[in-house]
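Got your viewer open? Let's walk through this one a selection at a time.

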Amino acid sequence: MRGLVRAVEANFYRVVLAEGEPCPELLCVRRARLKKTGQQICVGDRVIVEEPDWQGQRGAIAAVEARRSFLERPPMANLDGVLLVFALSDPPLEPWQISRFLVKVEESGLAAVVALSKADLVGAAVGAAWQARLQAWGYRAYPCSTVTGEGIEEVEGAIAGGIWVAMGPSGVGKSSLLNVLRPELGLRTGEVSAKLRHGRHTTRHVELFGVPGGGWLADAPGFLQPTLRFDPADLILGFPEARDRRGQCRFPDCEHRAEPGCAVRGAWERYEHYTTFLAEILAQTERASPETGWKYKTGKGGTVVAEPLLAVRKYRRSSRRRDRQQAADEDEGNFLR
């Protein structure tokens, strides 16, 4: 029988079964052959379940169906899109941060919808301005509030019928949004730090929840800055408002910075974001090595920050298997002598 992995808990998997089965959900383990072949099972996977124990609500995952999409962080399969949640206030919305998340979603090849939470803390004009701004970037955006209920139906309708994950920094209201959609869940929420001006982590793992409009939505742990892995030549594909101009450039390998005849370089709002992210990716590609001892990333406000690389031998403990193998090689060498 087929099922959908709704949650992963240590070595167990909560699998939702198709309608008509005696039990709607089973707690499953994976077959040993899947473990031996290194088959990873993550939330969103479509799986085949064997030998169900209906009374004990247990089962075993025998196979994993081919994935149509995969998100690296958090690891999820078969997603239709990402619901990016950003607060209009508390913590304040930073264009650099939301732009970075949007580029990361484009890198994954998934659709993106933006929920602008905490609209009740700002005027309607602020929410409308951000909505228009994000639409100019190429994205659907909806100001919303879990306090007043503003925009909740629009967000629900935008993600209906698919598998989505709510992502964004900590403290922006992802869990609160799910609590409004599914009040019986009672997900834990937290307040924004007055000193650091960002939220505290309350979500510890990824789990899918059914939403009233049909489909599934997962609440993912918050993080401040996703890592960009775009190839430098393809970074412009992460900006919908400018990628159509790529083929009009004079040179096929144009980086869209100072090349003559560049059709991309110009007066579009996120061009500065593009050049900063490109500089970061090039720096990571060219200079992040043990020889240089430095790695580079984009910090707050779009500034490129250098951080020292940790020396593996000095700071990381070697594995026992490697130590045993090294001792065995030394014993063999002594015997041969």
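Start with the whole chain and switch on contacts (heavy atoms within 4.5 Å): among those between residues at least 6 apart in sequence, 61% join residues at least 24 apart. Keep in mind that this is a predicted model, where local features need pLDDT of at least 70, side-chain atom pairs count only at pLDDT 80 or more, and totals for chains, interfaces and linings use all residues. Numbering runs from 1 along each chain as its sequence is written, and side-chain values use heavy atoms, leaving out hydrogens and water.

Now colour by secondary structure: you should get 8 helices and 15 strands (DSSP runs numbered from the N terminus; helices are H or I with at least four residues, strands E with at least two).

Next, select residues 2-9, strand S1. S1 runs antiparallel to S2 (residues 12-17), joined by 6 bridges; strands pair if DSSP finds at least two bridges between them. Val 8 sits opposite Tyr 13. The two strands make a hairpin with 2 residues between them, and Ala 10 in the turn has a positive phi of about 60°. S1 also runs antiparallel to S4 (residues 46-53), through 3 bridges; there, Arg 2 partners Ile 48.

Then pick Leu 84, Leu 102, Leu 134 and Val 165: they have the most contacts inside the largest nonpolar core, which has 31 residues. Such a core is a set of buried (under 20% relative accessible area, 1.4 Å probe, protein chains only) Ala, Val, Leu, Ile, Met, Phe, Trp, Tyr and Cys residues joined through side-chain atoms within 4.5 Å. H2 gives the most to this core, 4 residues.

Technical notes
Buried < 20%, exposed > 50% of the residue type's maximum accessible area, 1.4 Å probe, protein only.
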